[in-house]
Every structure is written in C-alpha cells, then in structure tokens.
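Me: I am a first-year student and should like a close look at a single part of this structure, namely the barrel and what surrounds it. Please explain it in connected prose.

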Amino acid sequence: AILTSEMGNTDKMVGYFSECRELGLKILPPDANQSLKNFSVVPEGIRFGLAAIKNVGESAVDIALENREQDGPFESFVDVCCRLDSQKVNRRVLEGLLKVGAFDSMGTSRASLFAILDQAMEHASTVQRNKRDGQTSLFDLAPEDHAAEEPKSFGFVVPQKPEWSQNELLQYERELTGFYITDHPLNRHRMAIAHFSSHSTQSLREIKEEREVKVCGVISSIKVTTTKKGNRMAYAQLEDLQGTVEAIIFPEAFKTHEEMLKPDSVVRITGSVDLMDNGARIKATRVELLPQLESETVKQVTLQIHEQDVPPQNLIDLQAIFERYPGPTPISLDFYLQPNMIANLPKLPNVGISPTPEFLEEVERLLGASTVAFH
C-alpha cells in the first residue's frame with residue numbers, strides 16, 4: 001500500500017526500494033501472468049504492478065487482467081498478442097511491457113521480443129481477423145495433446161537473439177518505471193563507493209553546517225539551463241542506494257565536466273553542502289566518473305562463476321575478453337560447484353587485465369550481473 005501510494009515521490013520510492021533490498025526482499029519485475037494492477041506482496045518479494053509502467057495505462061491493464069482471469073495464463077508473447085485486442089493493447093503498451101521484463105518468465109529474451117514486435121503484432125492481427133471471420137487454421141485443428149507440448153505461438157516462431165547488455169536492461173527499466181528493478185547499476189561499485197565517498201545521500205541530511213563532501217551515485221536526471229550571462233549550468237538528481245540528492249553544477253564546473261553529466265552516468269560529485277529547510281543539496285565543484293576512479297585503484301579482480309550457468313564455450317569467450325583487455329591487474333576465479341562448495345583459483349598464471357568499464361560490461365554480459373568484484 002505504501003509503495004502504491006508513494007509512486008509520485010521518487011525520493012521516497014528509492015528509499016523504500018533500498019530498505020526492501022536491505023531486508024532481503026526482492027523487487028520483482030512486472031510479470032504478465034503474476035502481476036496485478038498495483039504492487040503486490042508475493043513469497044519471493046514485492047512484485048511490480050502493471051499500471052506503474054509508463055505508456056501502459058490502466059485500461060490496457062484491465063483488459064489484460066480480465067483476459068487472464070477468463071482464459072487462463074498467457075503461454076507466450078505471441079499468445080498475448082493474439083488474445084488481446086491490438087486496438088486497445090497497442091504496440092506502445094506491448095513495447096513497454098517487454099522492455100521491463102513482463103514476458104521474461106516465458107523464456108524469451110527481451111531483445112528477441114523487441115526484434116519481432118511488429119511482425120508478431122501483424123501476425124496477431126491476421127489471427128484475430130480470421131477468428132472474427134470464422135476461419136479455421138491448421139493450428140486450430142491440432143490435437144489437444146500436441147497443443148499442450150509447446151506454448152501457444154499460432155504458427156509464429158520467435159528467433160532467439162542475445163539479450164541486451166545489463167546497462168541497456170537497466171536503462172529501459174528506469175525509463176519506463178522510474179526505477180532500476182532487476183538490479184542497480186551501483187551494486188557492482190559498492191566497495192568503490194565506500195572507498196571514494198565521504199557521505200551518502202542519507203547522511204547528507206544529518207549535516208548541520210556547510211562543508212565539502214564527496215558523494216557517489218548515478219545521475220538519474222539532469223536539467224541544463226542558461227544563466228542571465230548566457231553561460232550554461234545544470235541541476236542533476238544524483239541517486240545512490242539510499243536515496244537521491246540534487247546537485248547544482250555552476251557554469252565553470254559545467255564547462256569542465258559537461259561530457260560526464262548525462263543520465264545513467266555513475267559519478268562522484270565533490271562540492272559544498274547547501275543547507276536548506278527541507279534538506280541539503282550539493283554545489284558541485286568537481287565531477288568524476290566512478291568506474292574510472294575505480295579502475296585506477298583496483299588491485300585485483302575476482303570473477304564468480306556458477307558451474308550450472310556457464311557452458312564450456314563461455315570459458316573460451318572469457319579468455320578472449322581477457323586478451324582484449326590486457327593489463328597489470330591479476331584475476332582470481334571463484335567456482336561455485338554446489339550450494340556449499342566453492343573452488344578458488346587465487347591468481348590465474350600469466351593473465352593480467354585492465355579493469356575498465358568496458359571490461360566489466362563484457363564480462364557481466366557473458367557471466368551475468370554482479371559476477372565481478374574489484375578489490
């Protein structure tokens with residue numbers, strides 16, 4: 001009830017999400033077969049509500065929920081397209097749903113569904129038109145036991161494509177819900193945040209006098225404006241794992257750091273605290289990319305490899321990544337063989353890498369999110 005009522009208050013919502021995760025409660029992405037209109041509590045955690053997705057709309061949600069109640073769970077993305085009236089649940093709605101993971105449980109990557117979205121909708125229109133006209137296809141005549149073998153696809157095959165990168169997945173989630181759901185871009189930087197920050201957004205509220213602070217976070221939004229003298233400056237919302245804070249970047253600092261001041265940039269902002277009646281904000285003097293600071297101080301990289309999730313080909317691909325990013329930083333591997341068994345290779349012989357943001361992105365795309373630790 002709190003999550004639903006506070007949807008308009010981004011700062012409070014970020015705080016609630018952070019508290020839920022700290023308590024071990026997962027924030028689960030929307031699911032076409034599990035989600036309700038609003039947030040709901042399930043055994044696994046808190047399920048995101050369908051109506052909280054931008055561009056979806058309550059009327060489309062009502063139609064989908066009514067269809068699900070009457071005709072049972074959706075069996076595939078194509079099944080969704082064919083069962084829901086495309087005039088009421090249009091392309092914009094379906095795109096929003098798939099980009100935030102509402103069809104993940106159906107076994108097809110978001111990238112694959114996005115690639116065939118237009119073809120699937122066209123195919124669904126034909127199926128719906130034929131149904132209205134009373135026509136029957138060979139697929140409708142298939143025996144029931146055969147139909148039960150595979151999810152309903154109405155003769156449409158979805159080619160499998162590699163999933164979007166972790167950054168792309170999170171950016172779409174943020175764009176369409178206002179939040180990072182399946183992960184947070186700062187999780188991989190927890191150790192660096194602890195090392196390079198003097199304060200969090202939460203502890204800023206406890207400061208009683210103006211002083212210099214260093215706060216690490218991700219820029220969730222930025223507004224660029226022009227002063228009366230014609231100089232450009234900006235107001236940025238900086239989000240960490242505890243909440244958000246506004247940072248003012250005056251013309252001199254903006255001119256120096258403009259390239260870093262973009263939504264989804266993970267940065268450290270240094271500046272003085274500006275105390276106000278309703279809290280604090282930062283008057284920025286310096287902006288630095290946190291991944292760059294991190295890579296310059298990393299002494300070792302550890303990769304977490306879960307045996308059941310990594311086919312042999314992935315190890316070959318991992319070796320290729322090492323070769324693309326050579327450097328002096330040693331690599332160690334933690335192999336998770338069973339729930340309570342870990343095999344550690346403390347240092348790979350004759351292997352060193354450069355722990356750049358690009359290296360991190362490639363490895364996590366291959367092995368999964370939060371599988372890389374910098375020390």
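Reply: The following account begins with the barrel, then turns to the pocket, the cavity and a pair of aromatic rings.

The model is a predicted one. In it, five strands close into a barrel, in the order 4-5-6-8-7, and their pairing is mixed. On average, neighbouring strands of this sheet are turned by 50° against each other, with direction ignored. As background, the strands of a sheet pair through backbone hydrogen bonds, and the pairing may be parallel or antiparallel.

Strand 4 is a useful place to study this pairing. Strand 4 covers residues 212-226 and pairs with strand 5, residues 232-239, in the antiparallel sense over eight bridges. Two positions show how the residues of these strands are matched. Thr 225 has Met 233 of strand 5 as its bridge partner, while Ser 221 stands opposite Gln 237, also in strand 5. Strand 4 and strand 5 form a hairpin with five residues between the strands, and in this hairpin Gly 230 takes a positive phi near 90°.

Strand 4 is also joined to strand 7. These two strands run antiparallel, and seven bridges join them. Here Lys 214 stands opposite Thr 270 of strand 7. In a regular strand, the side chains alternate between the two faces of the sheet.

A helix accompanies this part of the barrel. Helix 13, made of residues 290-297, lies across strand 4, strand 7 (266-276) and strand 8 (279-289). The angle at which helix 13 runs to strand 8 is about 55°.

The second largest pocket is the next feature to consider. Its volume is about 410 Å³. The lining consists of 18 residues, and those nearest the centre are Asn 167, Asp 264, Val 266, Pro 291 and Pro 357. Two elements each give two or more residues to this lining, namely helix 9 (166-177) and helix 15 (357-367). Helix 15 gives the most, with four residues. By character, the lining of this pocket divides into nine nonpolar, four polar and five charged residues.

Enclosed space forms a separate topic. The structure holds three cavities of 30 Å³ or more, and about 140 Å³ of space lies in the largest cavity. This cavity is lined by 16 residues, with Ala 32, Leu 50, Ala 64, Leu 84 and Leu 97 nearest its centre. Helix 3 (58-71) and helix 5 (91-99) are the elements that give two or more residues to the lining; helix 3 gives the most, with five. The lining of the largest cavity comprises 15 nonpolar residues, no polar residue and one charged residue.

Finally, helix 15 also takes part in an aromatic pair. A pair of aromatic rings is described by the distance of the centres and the angle of the planes. There are six aromatic pairs in the count. In one of them, the ring centres of Tyr 325 and Phe 359 are 6.0 Å apart and the planes stand at 75°; the pair is therefore edge-to-face, since planes over 60 degrees apart are classed in this way. This pair links distant parts of the chain, as its residues are 34 apart. Tyr 325 belongs to the loop between helix 14 (312-324) and strand 10 (326-338), whereas Phe 359 belongs to helix 15.

Methods. Residues numbered from 1 in each chain as written. Predicted model: local features only at pLDDT ≥ 70, side-chain atom pairs only at ≥ 80, totals over all residues. Heavy atoms only, no water. 1 Å grid on protein atoms, 1.4 Å probe; cavity = no way out; pocket = protein on both sides within 12 Å on 5 of 7 lines; lining within 4 Å. Points joined across faces, edges and corners; volume = space filled by probe spheres on them. Nonpolar A, V, L, I, M, F, W, Y, C, P; charged D, E, K, R; others polar. Pairing = 2+ DSSP bridges. Axes fitted to C-alpha atoms, helices over the stretch in contact; angles between N-to-C directions. Contact = heavy atoms within 4.5 Å. Phe/Tyr/Trp six-rings, centres within 6.5 Å; stacked < 30°, edge-to-face > 60°.
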